[in-house]
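Trainee: Could we go through this structure together, one question at a time?
Mentor: Happily; have the sequence and the model open beside you.

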Amino acid sequence: MLAPVKKISVEREVVRAACPHDCPNNCAMKITVENGIAVKVEGAKDHPFTSGTLCTKVARYLERTYSKDRVLFPRKRIGPKGRGEFERICWDEALATIAERFRAIAAEDPQGILPYDYAGTMGYVQWHSMGRRFFNRLGASRLDRTICSSAGKAGMLITLGGSLGMDPERFDEAKLILIWGSNPIVSNLHLWSRVQEAKRRGAKLVAIDPYRSLSAEKCHEHLALLPGTDAALALGMMHVIIGEGRHDADYVEKYTIGFEALARRVKEYPPRRVAEVTGLPAEKIISLAREYAATRPAAIRLNYGLQRHAGGGMAVRNILCLPALSGDWRHPAGGVVLSTSGFFGMNDAKLERPDLLLKARNANPRTINMVAIGDALLEAKPPIRALYVYNSNPVAVAPDSVKVVKGFSREDLFTVVHEQFLTDTCDYADIVLPATTQLEHYDVHTAYGHLYVVANSPAIAPLGESLPNSEAFRRLAARMGFAEECFRDSDEDICRQALESSNPRMQGIEWDSLKEKGWQRLNLPERFAPFAQGNFGTPSGKCEFYSETAIGLGMDPLPTYIPPRESAQSNPALAGRYPLAIISPPNRHFLNSSFANMPFAIAEAGEPSLEIHPGDAAARGIANGDAVRIFNDRGSLTARARVSDKAREGVVVALSVWWRKLTADRKNANELTSQALTDIGGGATFYDCLVDVARIR
Ligand SMILES: Nc1nc2c(c(=O)[nH]1)N[C@H]1C(S)=C(S)[C@@H](COP(=O)(O)OP(=O)(O)OC[C@H]3O[C@@H](n4cnc5c(=O)[nH]c(N)nc54)[C@H](O)[C@@H]3O)O[C@H]1N2
Ligand SMILES: Nc1nc2c(c(=O)[nH]1)N[C@H]1C(S)=C(S)[C@@H](COP(=O)(O)OP(=O)(O)OC[C@H]3O[C@@H](n4cnc5c(=O)[nH]c(N)nc54)[C@H](O)[C@@H]3O)O[C@H]1N2
Ligand SMILES: [Mo]
């Protein structure tokens, strides 16, 4: 007789979760937990967009959560700023220290305190609620959160009246797809599978990108224009479409305003002129315009890469005019999508409580643009005396690092960083607080690349002494003596409040059922074309070729071309010294600077590199594999040259965003980038940047 098998009881549970990262896919996830330990992370198979797949980074989220490098207890600085030397303290001491400093500064002027947060998590609980309430109640300086998408958002507002567009799920039915300033294999994987399906069904794919990215490589055609010249390309296409009478006159008549004025404007952009500006052959511009006008439905995936230039807002505004000319908005699989965020309507007032400002010492504090944090720390008046950083790693990601580092190094600045890892920014902190990961807290998410609300329930207990952002602010509010009821809301209370919305598209979505199901589609038809009968969000309700909103923003009311600030055409003297345009788009294995410390991601990404065209390399005596110095007036860094024609002539590409302290020279591409802002929206101009490159001997 066999010995009886000893039964080990395993408590197994599957928890519904949401990927927290700043990415248009906003995946729905399932976490398997055994005896309190998360053992498996997978994409939800039932979620139509996630469809069971996660990207290579988040598929390894367990390695992030259980990393030996997690910050698991509070620390205080014991060495000079920048060194990252800390000793362990308890939460009590950390919170008491912060409250004491904040109280002293607030007694003089609370504007001396500045929150610095971005989309490390996009969740409404861990990003949009307790922190906003806390700093409103305090009357701290407000942060203008512009580092990523604000120029494009302003462009969408002008032409369409909001962050709206075609349903990304319909890309598989398009006959022509323009991948415009977007690299979906890297930054929008689930859209890419739809694009692949369209390709299988016979669609033609065209990439418009100065760089032959992983995605551009897989398209039928690649138009490698000069960076920051997209607005001119769109004007040239409109010149051809209108000039040759290829537009949908019926759609234009019914659902647009300003066509006559637009037709006059685009006369100024004949293909020959546009060819000079963009560096593309005139015939290509003409054939693209004709093909676009002739193919229905045509879908454009626009992404944020092309708006990181001086004229980034205008570029987006112009491209969004195209489907109103072609009539593509009539079709569920036609149009453009940059962001779907405007379809959602969370209850911002309840989450952020702007009314609490009325209780602060100053009900109308100043606003600091996060892009120019370097200058703000060095020059703002009254000075910034304390910073509270969470969900962001500004020392690595903000432009013009020399100034950023100098600002963060100020001895008289009191800096708190709430983090999961000891980032470059933590190295300048006076107090580091340990943060939970997405597996350890509640949240609720909307998306900017699909139309579903996604719930996140904690799978495991917080590791070490880590706390969610919400809880840190709850405790800090208590220390500051903020008596308002809202500082006692639980995380699930906040999830409920977020969904208490009057927006008709949000009806029927409420927390308890969402938590069960994991995700829910907005109240929209399965197949819908948002602007098939007009219904634009603009003041006229039409697609505005001519826009009073643009005038209000200080812009030309009509589409126009605003050249890059740093280019041979706009600044020949600067280009004489620094003839190469550098762009630093995302590395596939990192997510901004998140994951850039994970051994698996670094193993894949290798080392900081610079793609350079053989012509530009030969002119500088650079061979493949050489160490090179990249430099301009703002700074310099080293990288390994990769000589190939992936970068067009005149353009070099440094995939980003590396942690400074994990590179050989402890610098990254933001050493070179500028704090100058976009035309509208106050956005960052990371890719509007001239440099030169030299071989290191
Ligand atoms: N793996 C991964 N995924 C990510 C991210 C990440 O870091 N890593 N980041 C996330 C975030 S925060 C964002 S905002 C999105 C960004 O997603 P995208 O907007 O797709 O990002 P970028 O890579 O900045 O730009 C895409 C492409 O634009 C090109 N480009 C640069 N300048 C120009 C230009 O002037 N004109 C044109 N036509 N093209 C240009 C670049 O070469 C690049 O191939 O991705 C999200 N997803
Ligand atoms: N040169 C160059 N610079 C760029 C870009 C580029 O393409 N090139 N891209 C720009 C873009 S598009 C963006 S959006 C910005 C992004 O810049 P950031 O918003 O700073 O994004 P990350 O670098 O991912 O840093 C997010 C941090 O939040 C932390 N975090 C995650 N979850 C939590 C949490 O729940 N609580 C707390 N307290 N912390 C958490 C992560 O550990 C991580 O360190 O970078 C910009 N910078
Ligand atoms: Mo971003």
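What follows is a short talk about a predicted model, moving from a sheet to two pockets and a helix.

Trainee: In what order do the three strands of the open sheet lie?
Mentor: Let's start from the edges. The strands that pair on one side only are β1 (12–18) and β3 (37–43). Between them the pairing is antiparallel, and the order is β1-β2-β3.

Trainee: How many bridges join strand β2 and β3?
Mentor: Strand β2 covers residues 28–34. One contact to look for is E34, whose bridge partner in β3 is I37. The two strands run in the antiparallel sense, and the bridges between them number six.

Trainee: By what angle are neighbouring strands of this sheet turned against each other on average?
Mentor: Remember that the sheet is open and its pairing antiparallel. Direction is ignored for this value, and the average is 25°.

Trainee: Which residues are closest to the centre of the largest pocket?
Mentor: This pocket holds about 1100 Å³ of space. Elements giving two or more residues to its lining are β6 (113–117), α3 (130–138), β7 (142–144), α4 (150–159) and α15 (348–352). The lining has 44 residues, and the closest to the centre are W127, H128, R132, K153 and E352.

Trainee: How many charged residues are in the lining of the largest pocket?
Mentor: Sort the lining by class. There are 20 nonpolar and 15 polar residues. The charged ones number nine.

Trainee: Which domains each give at least three residues to the lining of the second largest pocket?
Mentor: This pocket has a volume of about 310 Å³, and 20 residues line it, with Y211, L214, E611, R642 and L655 closest to its centre. At least two lining residues come from each of α7 (214–217), α24 (599–605) and β23 (609–612). By class, the lining divides into seven nonpolar, five polar and eight charged. The domains you asked for are domain 3 (166–338 + 531–552) and domain 4 (572–695).

Trainee: Why is helix α13 described as largely enclosed by the rest of the structure?
Mentor: A residue counts as buried at under 20% relative accessible area. In α13, that holds for G312, G313, M314, A315, V316, R317, N318 and I319. Helix α13 (residues 312–319) is largely enclosed because the buried residues are eight of the eight.

Definitions and conventions. Residues are numbered from 1 along each chain as its sequence is written. Chains are lettered from A and ligands numbered from 1 in the order in which they are written. This is a predicted model: local features need pLDDT of at least 70, side-chain atom pairs count only at pLDDT 80 or more; totals for chains, interfaces and linings use all residues. Side-chain values use heavy atoms; hydrogens and water are left out. Two strands pair if DSSP finds at least two bridges between them. Helices (H or I, at least four residues) and strands (E, at least two) are DSSP runs, numbered from the N terminus. Axes are lines fitted to C-alpha atoms, for helices over the stretch in contact, and angles run from 0 to 180 degrees between N-to-C directions. On a 1 Å grid over the protein atoms alone, a cavity is a set of points where a 1.4 Å probe fits but cannot get out, and a pocket is an open set with protein on both sides within 12 Å along at least five of seven lines; lining residues have an atom within 4 Å of a point. Grid points are joined across faces, edges and corners, and a volume is the space filled by probe spheres set on the points. Ala, Val, Leu, Ile, Met, Phe, Trp, Tyr, Cys and Pro count as nonpolar, Asp, Glu, Lys and Arg as charged, and the others, Gly among them, as polar. Domain bounds come from an automatic or database domain assignment. Buried means under 20% relative accessible area, exposed over 50%, partly exposed in between (1.4 Å probe, protein chains only).
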